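Please look over the model shown here. A visitor and a guide will talk it through.

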Amino acid sequence: FPAVELACRLGLPAVLRIGESEPLATVVRWLYGELDPAVEERARRAFAGASAIVSNSQAGARTYRTQKFLGRYIVLRTGIDAAGAEAYLASSDRAECRRQLGIDSAECLTVCVGTLWEGKGQAVLVMALEQLAHSYPHLTCALLGLAHGHYADAISRFVAQSRMRDRVR
């Protein structure tokens, strides 16, 4: 929000983007620790002064509206084309797709899509998968997304050093 704050001071139009549907205090806690009240107040002024507040979900916009962050909200959905996905599924051979991707027919693959960082919790997913390995021997996981620094490296090390290297991609 500092760029929006500056644009407001200069009388320029500005767009503020919400990237998470969690409250600002939660996102700041994930990244930096507790939210300073003075920083929250600056954020509220930036929201109110922005020409538009863009979110990729109704949930994100609703969270900030509920928290009384005033402004003009616009939701630009970035989700998948459900009709296109259904058409693809109808015209594709599931067994052939799995073969091409190297997924065994008995394998139960869980896919987690999102940037690999603490706030997304992929480490919890991988540790849970390790706990379930004995009871569910065909359960595997694919983590898809940008690897975010030390967190992604730590997950990779854990997978490589555990019995999970054949179960997590």
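The questions below concern a sheet, a helix and one residue.

Visitor: In what order do the strands of the open sheet stand?
Guide: The model is a predicted one. Its open sheet has 3 strands, and their pairing is parallel. Strands of a sheet pair through backbone hydrogen bonds. The order is β1-β2-β3.

Visitor: Which strands stand at the edges, each with a single partner strand?
Guide: An edge strand here has one side without a neighbour in the sheet, because it has a single partner strand. That holds for β1 (15-18) and β3 (73-75).

Visitor: How much does the sheet twist on average from one strand to the next?
Guide: The twist is given as an average over steps from one strand to the next. That average is 30°.

Visitor: Which residue in β3 is the bridge partner of isoleucine 53?
Guide: Strand β2 covers residues 52-55 and runs parallel to β3, with 3 bridges joining the two. For isoleucine 53, the partner in β3 is tyrosine 73.

Visitor: What angle does helix α4 make with β3?
Guide: Helix α4, residues 58-66, packs on the sheet and touches β1, β2 and β3. Its direction and that of β3 differ by about 160°.

Visitor: Is valine 27 buried or exposed?
Guide: Valine 27 lies in helix α2, residues 24-31. Beyond four places away in sequence, valine 27 touches Glu20, Glu22 and Tyr64. A residue under 20% relative accessible area counts as buried. Valine 27 has 15%, so the residue is buried.

How values were computed. Residues numbered from 1 in each chain as written. Predicted model: local features only at pLDDT ≥ 70, side-chain atom pairs only at ≥ 80, totals over all residues. Heavy atoms only, no water. Pairing = 2+ DSSP bridges. Helix = DSSP H or I, 4+ residues; strand = E, 2+ residues; numbered from the N terminus. Axes fitted to C-alpha atoms, helices over the stretch in contact; angles between N-to-C directions. Contact = heavy atoms within 4.5 Å. Buried < 20%, exposed > 50% of the residue type's maximum accessible area, 1.4 Å probe, protein only.
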